[in-house]
Amino acid sequence: MLDRLVGYISPGAGLARVRDRTMLASLTGTGGYKGGKLDRRATKNWRPGGNSADADLLPELDDLRARSRDLARNLPVATGAIATNKTHVVGDGLVLSAQCARKVLGISQAAADAFNRLAEWEFELWSQSADFTRVQHFAEQQALMLGGALESGDIFAIRRYRLDAGDTYGTKIQVIEGDRVCNPGRMADTETLVAGIEHLPSGVPIAIHVADRHPGDRRARAISWRRVPMRYNDGRKIVIHLFDRHRPDQTRGIPYLAPVVEALKSLGDYTDAEVRAAVVSAMFTVFVKKSPDADSSPLATTDTNGSSGKDEIELGSGAVIDLAEGEDIVTAAPGRPNPQFDAFVTAFLRQIGVALELPFELLIKHFTASYSASRAALEMAYHSFRRRRTWLVRNLCQVAYEWMMEEAILLGRISAPGFFDDPLIRAAWLNASWTGPVRISLDPKKDAEADEIDRRNGFKTSQQIMTERTGGDFDDKTEQLAREDAARKSAGIEPHAPDPVAPPSPPQDPEDEKEDV
């Protein structure tokens, strides 16, 4: 009634009252999302800023990098998480399998096979001298760049040219740590220069500014910067910026351990404290209790606040200390090892594993669950590794293959008509797949039976099965099997015939599922 009365006397004031009441109802009403309400006890003081990707990341990026690297160096769980990714994503190196699109190119299968085999051999030849510092094979650079991107959030690779003695190819890859890409003179960010990366007003990166040495280097000489374009005028890449972009307009990468930095640090501190307490508990630990008139004690000091440094007694395993007259001992019993330590750490690591996309069993390299649970954990991890491997292939390996092919064709070592004339033809010549570490198998026999059924039904090819389970190339293995069969025949031994396909294993007894692996 009051609202109607005010509206009758002053329509403007009445409208304002209705508007304000409606806004208040939208904030305190029963509808909408509870997580966005401002009057709830659990969230009323929770006001995170709605910043851009760079505003949330860049001010803390240096500290995030330093802390992530410190954890990777000193905390076993963090070290293992990054090492596990490197082992299962890259392993001993992703292997090129050239597969030019012969139908697009209009060439025969024989010509395509010959090109693919030559391209693979030439790429392996280039890989031996791909490192600008002449230290690593390209396979080792893959692991280096993946590890650097995980630890620091991002890493860079620049295309360089230098023909050293004994090299067939002059194209080289220079790996640049993320810290070296920064604004010249540590100047503040501008509209077109953010964290060492120069952009167009539209947000397209066009160049990076690279320091000639790491800002944290021990050498004290002045640092200079060099501007490196991201691409040639025709659009071909010069710089590889390897990072996983989580938000639009994100300029730099986020360290892999960033969501769990605080949790890992707390876990490390707790573990260290428990270890020290357990060590002290294992010693013969006593505290000297003096009587008021025991000034003549050999352990007495002139420091009324306790022992001075020179008179401190170091704990020793099974040590017995002589006491002066009037002194007694009080035994310290820390109650260590803590019986709850393992349960607490296990619960903590499960949450960390969720954030890092590593199942608990794989994070700690210890499988104690049932077969089905362990297999499910490995399957989940495999999908995470496969996604990261695809990301690495797309952004590093395939680009490096293109750089090598350009020089090989210009040198006349490989013939690829139309490579520089038509983007479609270029893509057809460069078509390839990359083979990495195979999927972990807890029961190879069951997996082999499933693969055989899929192959008979046409769901998988023999090459696909080899890629997923054993590695290698179908043609290479076929040729090797033919040579082995021929050798057996010449020696008078019947070639080994494949065993008949066994029927699928019966379903496992539910009680067996409870057994530990």
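Two residues are in contact when heavy atoms lie within 4.5 Å of each other. Among contacts in the chain between residues at least 6 apart in sequence, 65% join residues at least 24 apart. The structure is a predicted model. The chain holds 15 helices and 11 strands. Of its 517 residues, 35% are buried.

Confidence was examined along the chain. The mean pLDDT is 84, and 85% of the residues reach 70 or more. Two stretches with low values are described here. Over residues 296-304 the pLDDT stays under 50, and the model gives this stretch 14 contacts beyond four places in sequence. Residues 509-517 also have pLDDT below 50, with 14 contacts in the model beyond near neighbours in sequence. Where pLDDT is low, the predicted coordinates should not be read in detail.

One open sheet consists of three strands in the order 3-2-8, with antiparallel pairing. Strand 3 (171-177) and strand 8 (239-243) are the edge strands. Each has a single partner strand, so one side of each lacks a neighbour in the sheet. Neighbouring strands of this sheet are turned by 25° against each other on average, direction ignored. Helix 7 (residues 138-152) packs on the sheet and touches strand 2, strand 3 and strand 8. The direction of helix 7 makes about 145° with that of strand 2.

The pairings within this sheet can be followed residue by residue. Strand 2 and strand 3 are antiparallel and are joined by seven bridges. Arg-159 stands opposite Ile-173 of strand 3. Strand 2 (residues 154-161) also runs antiparallel to strand 8, with five bridges between them. Here Asp-154 has Phe-243 of strand 8 as its bridge partner. Although strand 3 stands at an edge of the sheet, five of its seven residues are buried. Strand 3 is therefore largely enclosed by the rest of the structure.

A further open sheet has four strands in the order 4-5-6-7, and its pairing is antiparallel. Strand 4 (193-194) and strand 7 (225-229) lie at its edges. Each of these has a single partner strand, so one side of each is left without a neighbour in the sheet. Strand 5 (residues 197-199) and strand 6 (residues 205-211) run antiparallel and are joined by three bridges. Ile-197 stands opposite Ile-208 in strand 6.

Helix packing was examined for helix 11 (residues 371-411) and helix 12 (residues 423-430). Their axes come within 11 Å and cross at roughly 105°. Angles of 65 to 115 degrees count as roughly perpendicular. Helix 11 and helix 12 are therefore roughly perpendicular to each other. Helix 11 contributes Gln-398, Tyr-401, Glu-402, Met-405 and Glu-406 to the contact, and helix 12 contributes Arg-426, Trp-429 and Leu-430. By class, the residues of this contact are four nonpolar, one polar and three charged.

Asn-85 was considered individually. This residue lies in helix 4 (residues 76-89). A residue counts as buried under 20% relative accessible area. Asn-85 has 1% relative accessibility and therefore counts as buried. Leaving aside neighbours within four places in sequence, Asn-85 is in contact with Val-90, Leu-146, Leu-150, Tyr-256, Leu-358, Phe-385 and Arg-388.

How values were computed:
Residues are numbered from 1 along each chain as its sequence is written. This is a predicted model: local features need pLDDT of at least 70, side-chain atom pairs count only at pLDDT 80 or more; totals for chains, interfaces and linings use all residues. Side-chain values use heavy atoms; hydrogens and water are left out. Axes are lines fitted to C-alpha atoms, for helices over the stretch in contact, and angles run from 0 to 180 degrees between N-to-C directions. Helices (H or I, at least four residues) and strands (E, at least two) are DSSP runs, numbered from the N terminus. Angles under 35 degrees count as roughly parallel, over 145 as roughly antiparallel, 65 to 115 as roughly perpendicular and the rest as oblique. Ala, Val, Leu, Ile, Met, Phe, Trp, Tyr, Cys and Pro count as nonpolar, Asp, Glu, Lys and Arg as charged, and the others, Gly among them, as polar. Two strands pair if DSSP finds at least two bridges between them. pLDDT is the predictor's confidence in each residue, from 0 to 100. Buried means under 20% relative accessible area, exposed over 50%, partly exposed in between (1.4 Å probe, protein chains only).
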